[in-house]
There are 6 protein chains.
Amino acid sequence: MTRILWINPVGTDEFDGPIRGYLIKHAAPGTEVDVVSFERGPHHLEYSVYEALVAADILRTVRRAEEQGYDAAVIGCFYDPFLYEARELSGMVVTAPAESSMALAMSLGTSFSIVVGRTKWVPQMRENVQRYGMSERLVSFESVDMGVLEFQREPRETEKRIVQAARRAVEKGAEVIILGCTIEFGFYRQVQEEVGVPVVDAVLAPFKHAEFLAEVRKRTGISHSRKGRFEPSPESEWLEWGIRV
Amino acid sequence: MTRILWINPVGTDEFDGPIRGYLIKHAAPGTEVDVVSFERGPHHLEYSVYEALVAADILRTVRRAEEQGYDAAVIGCFYDPFLYEARELSGMVVTAPAESSMALAMSLGTSFSIVVGRTKWVPQMRENVQRYGMSERLVSFESVDMGVLEFQREPRETEKRIVQAARRAVEKGAEVIILGCTIEFGFYRQVQEEVGVPVVDAVLAPFKHAEFLAEVRKRTGISHSRKGRFEPSPESEWLEWGIRV
Amino acid sequence: MTRILWINPVGTDEFDGPIRGYLIKHAAPGTEVDVVSFERGPHHLEYSVYEALVAADILRTVRRAEEQGYDAAVIGCFYDPFLYEARELSGMVVTAPAESSMALAMSLGTSFSIVVGRTKWVPQMRENVQRYGMSERLVSFESVDMGVLEFQREPRETEKRIVQAARRAVEKGAEVIILGCTIEFGFYRQVQEEVGVPVVDAVLAPFKHAEFLAEVRKRTGISHSRKGRFEPSPESEWLEWGIRV
Amino acid sequence: MTRILWINPVGTDEFDGPIRGYLIKHAAPGTEVDVVSFERGPHHLEYSVYEALVAADILRTVRRAEEQGYDAAVIGCFYDPFLYEARELSGMVVTAPAESSMALAMSLGTSFSIVVGRTKWVPQMRENVQRYGMSERLVSFESVDMGVLEFQREPRETEKRIVQAARRAVEKGAEVIILGCTIEFGFYRQVQEEVGVPVVDAVLAPFKHAEFLAEVRKRTGISHSRKGRFEPSPESEWLEWGIRV
Amino acid sequence: MTRILWINPVGTDEFDGPIRGYLIKHAAPGTEVDVVSFERGPHHLEYSVYEALVAADILRTVRRAEEQGYDAAVIGCFYDPFLYEARELSGMVVTAPAESSMALAMSLGTSFSIVVGRTKWVPQMRENVQRYGMSERLVSFESVDMGVLEFQREPRETEKRIVQAARRAVEKGAEVIILGCTIEFGFYRQVQEEVGVPVVDAVLAPFKHAEFLAEVRKRTGISHSRKGRFEPSPESEWLEWGIRV
Amino acid sequence: MTRILWINPVGTDEFDGPIRGYLIKHAAPGTEVDVVSFERGPHHLEYSVYEALVAADILRTVRRAEEQGYDAAVIGCFYDPFLYEARELSGMVVTAPAESSMALAMSLGTSFSIVVGRTKWVPQMRENVQRYGMSERLVSFESVDMGVLEFQREPRETEKRIVQAARRAVEKGAEVIILGCTIEFGFYRQVQEEVGVPVVDAVLAPFKHAEFLAEVRKRTGISHSRKGRFEPSPESEWLEWGIRV
């Protein structure tokens, strides 16, 4: 059995239920899923200040998950907030949407576009594309001009705009479409049918990727490096300075 | 059930048995594995002319696999010979060691080195690293100065040299080691223990990746793009010109 | 005297005569030209599977050419199929259109665009542009939406579309236009006159480049490296495994 | 008058006094300096988890500084933690050591090396070098194998090792040396004298840069963009969700 | 006191007065400014041949300035003509518009566009963008289709076109606008107001940057490297060969 | 007949005779060669200030050559001084060592190293490597620690050091060696024999390249672009301002 914790890193539980149902529907046999969000904090992370404000909550939740025996945690925001910090903190598998989507897209085509909510998101996401080495493969960002909290409230409008954005991208040469927000979940199948290229769902990608990395770990013993970028801080310092997450 | 065909793209069946056993040992429940090689042709692909000579055999084998109902094929050479051609030819999942190893390494650390047999391999592999967008993350190639056919014949020497090469790489800052030849299979665990960073096995990486992509496809319907790079040629032309694989 | 073999790497001799005439018209004094194509196989190489299918024929033809005393061979397809493999195989000068066109364009301006037949060609050609180090200088690919076999059959329409494509490119800042298919031969002069920037013909570029490299070799003894990427495979292995081209 | 707040983003005031004295000594006429640190938290930020833990404290301090009428704040850690977040939050000038040091180095030479405490720091700093566009100019990271807290406690040893590291860098072609930690302050003059190339001090660079940006703003009205990456979040959301820093 | 010499590297003194007034208005207390131009030569440097023709005059003027005790010289053309040569020649601070504007823009946003007079300017300026490491941050060049000598003669038209160009750039995602010609001076404030993002003036940027570098030098002793790119030629050779500037 | 003018852009005729003999020996039938140098000026161009001082002389010589009916001019210094300016000035073929050597090396192997006299040369040559798009292919610069004027005076020592430098480069993976100074002429054959990879001579490369470009032009009418980077300045401005070269 593989236990995965999906973290909605926001101060609302509005999406916990729907995402839990969505994950269960797409889980491999033997995968068990939980979904959590935070007690307080911003309801979306469109601004990087909001991310900074949930930094401690994300790390705390990852650490708790590891203590409770989860095999993997998913940080459910397409900015991949504190993904590397979480891997520094924990030996458990941790994934996040942007990294997982691009890792998947790498085998689905030789180029991709990302459908974002607002143009505000683009510069920060571009940094992640560059960080993951995918700048050459990025065709474009396409905005649907909607906020995170609108996607599920107006699903018809959302789907219509995503289809239009995806079509613009395909016109420019994108072989794969990545939906650049977890709350765009559930639209990929219909969009895929309409535009005729694979569409990567930002919830399913890191979730299936977490299953995969957990399976690799279980079967082969390979897990993320604890030297260099993910070298853990010494517990002694935590004690000495009285810090904790 | 997931049926995967491992292709040893060489004219010797020397490695078919050992690799089959190795794969079975690391397979997920429900994965069924076959291994094939070719009737004739070079016994290794260290030279790119050798690759060209097995081009038709690789494509033929992929097409047959698809007709026979396999879910995925793995082209078992770290040069990833004709991987993109195979995806143009076939709608089935196809993976290969370099792409899969780098996709995996992307989540295991922020940098990696590749342990090769001979320096001759480096320029061509560097092209693949660049093609997959991973040039920034590549720390070095480290050669053990052994040919493909020597790895399994002198396992102690092989292991010793791989450990030395991996240590040089870690010294230079590599957070992950990738073994850059499928016939370096079976050494990763020991090397990992010795050098203290994750070591990616070039057989297990594309094999588990194939399982993963087949699982993603089965559960979500997402598979590789048939527009752009992987757009299939029209069957009508094959008929008109009397060509086939 | 310099003997050059132009290889039309396709299973039709439709273009052999016209290209031979074209080459003779543009040859330097003392250059002798032959043109060959294959007995069977695809009639164009728009798909990379088609390329793979002619791999062995290309290499065989290059080797025969060397045995027959040619000074140079040209692989006549803008994907440059198996150019590096041919240089690994043979000590003779071998050129191909994309490499030669970009090497020439390098001295004609600081940026260029490539006029392709279909958008399908773009991703693979982009890989070559990157491989040859010219990504920074590439302004755009411009498609005329015609297949290889249509170019010479509807020359007026072809010329009209190439002029339009070239104008779009110049508008975007291209200082040089490269015609991205050998079968676009013969149009460059007229296009050049219409758009006012140099237009590189994909037949003449590798042909004159082959003359140049043969002249350099004859006069200075400098020819391609036999270490690293083009290191030849040992004949002993060919014998042992019974392989040949 | 220009008021600048230097933030030591750590839970110790050990360096507040010395850095304040150091800044006063190098201030332009009319610059007034304050130095703060946090009440609790890690005593250094060598691990990125430590950074995440002070995220909220950094942003809170920046916001308070703006409310109190400071012209600029400096986030005093060479990882530049939450620099972009601070600029999203605040219209005030905010600088940080890595960005300021590289901006300065850009006019001092065409290449530079960064002297770090431990190799652990390298991957994250490399991300910043890439983010700021300076990868081509980076010659090397050179480690002195000392932790942040040791630099000022063993100044002779520190200086000796920095000189050695700088010499290695100059040997490799570095035209400028950047000291990659604020707590390496005070050594630059001596090192400069020893190795004969400019040495950028990670405290003075962002401090003088803050003076400069404040002067530019005062005299010309040019300050950082509030569109795109630094677009501020709407206050209405802060109120609605009850969040604050 | 800081003495700065602004060099208009052209054979007309048409802009000397206006630029002097402009600089004085934006100078820090204690900065003293002089402006010079050349006795003969081209009236603008839109063509790189014109630059070459003023090479000796620029270097001569820089050397005289140093002898006369200036703290800094500014080479007033956005191509940054002979900036590196001037730093090789002289130990004095030397700045130029493109370098200074990009160094400033680096802290004002994460992307920028450059408003040029003619498209002719673009390829050479693109080389400078790449040289300074800013290619990733460049969104676009936007042309107003006016020559250098027209900017100040038709200020209303100029301003209107710059606003239009800046708007196109912001639409494409530019967070900062750089005015890519010194003779576009004086428009930035109005443009900034109209388009809502910071606009960098190509006169003020290198002028304030020169003040900054002179202040850094005075207060800390850090000045440009005299090893590598800026290593000075030996005076003995000048004597031996009878050369001088 | 093809008339080529070799320009030694220095104030000494020391090398004019030897280079003329060298070129004649390697010329194609029908090529006629002249060699010129300047009446005064630096005797080598190791410093970029020296280059700036001969800017006007280079352009003047190119223009005279065109007026006198030469088909091509070669600017004989590996910094390629004012190559682009010369192409802006003149419609005649102009080549220079670095561009021509890299264009040639592109077809000789997939990587190269450049043997320089002093490390001082490296930063400026690196800029040219990047400008020509060859950064990915550059393995290393190797210094022989000799000045331009020493190469021919101590030929045995020179050859010995070049061989050593070339061996270091091959050890690092260079498939081709480029001699990074025209005054290293005459050594390539022996070095090639010693190290076993092609060695590009910085005199022969631009000379044969000039022959090639002149032949291409004569036979096809293709010559360098007069739009964009090489767009010529209007003669009317020269008249109006009284400038000339």
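# Briefing: interface, salt bridges and selected residues

F:Arg118 is partly exposed, with a relative accessibility of 31%. This residue belongs to a predicted model, and its carboxylate partner, F:Glu150, is taken up below with the other charged pairs. Over all chains, the search of the whole structure returns 114 salt bridges. The points that follow cover the charged pairs, the contact between chain F and chain C, one helix of chain D, and two buried residues of chain C.

**Salt bridges within single chains**

- A:Arg87 and A:Glu99 form a salt bridge in which the closest N and O atoms are 2.7 Å apart. The pair ties together parts 12 residues apart in sequence, because A:Arg87 sits in helix 4 (residues 83–89) of chain A and A:Glu99 in helix 5 (residues 97–108) of chain A. Both residues, A:Arg87 and A:Glu99, are buried.
- In chain B, a salt bridge joins the side chains of B:Arg153 and B:Glu14, with an N to O distance of 3.2 Å. B:Arg153 belongs to the loop between strand 6 (138–143) and helix 7 (155–171) of chain B, and B:Glu14 to the loop between strand 1 (2–7) and helix 1 (16–26) of chain B, so this pair ties together parts 139 residues apart in sequence.
- The relative accessible area of B:Arg153 is 51%, so the residue is classed as exposed, the class that begins over 50%. B:Glu14, at 34%, is partly exposed.
- In chain F, the side chains of F:Glu150 and F:Arg118 meet in a salt bridge at 3.9 Å, N to O. This pair links distant parts of the chain, 32 residues apart: F:Glu150 is in the loop between strand 6 (138–143) and helix 7 (155–171) of chain F, and F:Arg118 is in the loop between strand 5 (112–116) and helix 6 (122–131) of chain F. F:Glu150 is partly exposed at 29% relative accessibility.

**A network involving two chains**

- A:Lys208, A:Glu211, B:Glu215 and B:Arg219 are joined into one network by salt bridges that share partners.

**Interface between chain F and chain C**

- The contact involves 51 residues of chain F and 52 residues of chain C.
- The size of an interface is often expressed as the accessible area lost when the parts come together. For chain F and chain C, the buried area is about 4000 Å², and carbon and sulfur atoms give 63% of it.
- Two salt bridges are counted between chain F and chain C. The side chains of F:Lys208 and C:Glu215 meet in a salt bridge, with N to O at 2.6 Å.
- Residue pairs in polar contact between these chains, both members at pLDDT 80 or more, number 22.
- On the side of chain F that touches chain C, two or more residues come from each of helix 4 (83–89), helix 5 (97–108), helix 8 (188–195), strand 8 (199–200) and helix 9 (204–220) of chain F. Helix 9 of chain F gives the largest share, 10 residues.
- By residue class, that side of chain F comprises 25 nonpolar, 14 polar and 12 charged residues.

**Chain pairs without contact**

- Chain A and chain F are not joined by any contact, and their closest C-alpha atoms lie 15 Å apart.
- Chain B and chain E likewise do not touch, with their nearest C-alpha atoms 15 Å apart.

**Helix 7 of chain D**

- Helix 7 (residues 155–171) of chain D contains 17 residues and spans 24 Å from its first C-alpha to its last, close to the expected 24 Å at 1.5 Å a residue.
- Its buried residues are D:Thr158, D:Ile162, D:Val163, D:Ala165, D:Ala166, D:Ala169 and D:Val170. The buried residues of this helix pack against strand 5 (112–116), strand 6 (138–143), strand 7 (176–179) and helix 8 (188–195) of chain D.
- D:Gly173, just after helix 7 of chain D, adopts a positive phi of about 110°.

**Two buried residues of chain C**

- C:Ser233 lies in the loop between helix 9 (204–220) and helix 10 (235–241) of chain C. Its relative accessible area is 11%, so C:Ser233 falls under the 20% limit and is buried.
- The side chains of C:Ser233 and C:Trp238 make a polar contact at 2.8 Å. Apart from neighbours within four places in sequence, C:Ser233 is in contact with B:Tyr47, B:Tyr50 and C:Trp238.
- C:Val245 is located in the segment after helix 10 of chain C and is buried, with a relative accessible area of 7%.
- Residues up to four places away in sequence not being counted, C:Val245 touches B:Leu53, C:Leu59, C:Arg60, C:Arg63, C:Arg64 and C:Trp238.
- C:Val245 and C:Glu51 are 194 residues apart along the chain, and 16 Å separates their C-alpha atoms.

Methods. Residues are numbered from 1 along each chain as its sequence is written. Chains are lettered from A and ligands numbered from 1 in the order in which they are written. This is a predicted model: local features need pLDDT of at least 70, side-chain atom pairs count only at pLDDT 80 or more; totals for chains, interfaces and linings use all residues. Side-chain values use heavy atoms; hydrogens and water are left out. Contact means heavy atoms within 4.5 Å. Buried area is the accessible area (1.4 Å probe) that two parts lose on being put together, summed over both. A salt bridge is a side-chain nitrogen of Lys or Arg within 4 Å of a carboxyl oxygen of Asp or Glu. A polar contact is a pair of N or O atoms within 3.5 Å; within protein, one must be able to donate a hydrogen and the other to accept it, and residues adjacent in sequence count only if both atoms are side-chain atoms. Helices (H or I, at least four residues) and strands (E, at least two) are DSSP runs, numbered from the N terminus. Ala, Val, Leu, Ile, Met, Phe, Trp, Tyr, Cys and Pro count as nonpolar, Asp, Glu, Lys and Arg as charged, and the others, Gly among them, as polar. The expected span of a helix is 1.5 Å times one less than its number of residues. Buried means under 20% relative accessible area, exposed over 50%, partly exposed in between (1.4 Å probe, protein chains only).
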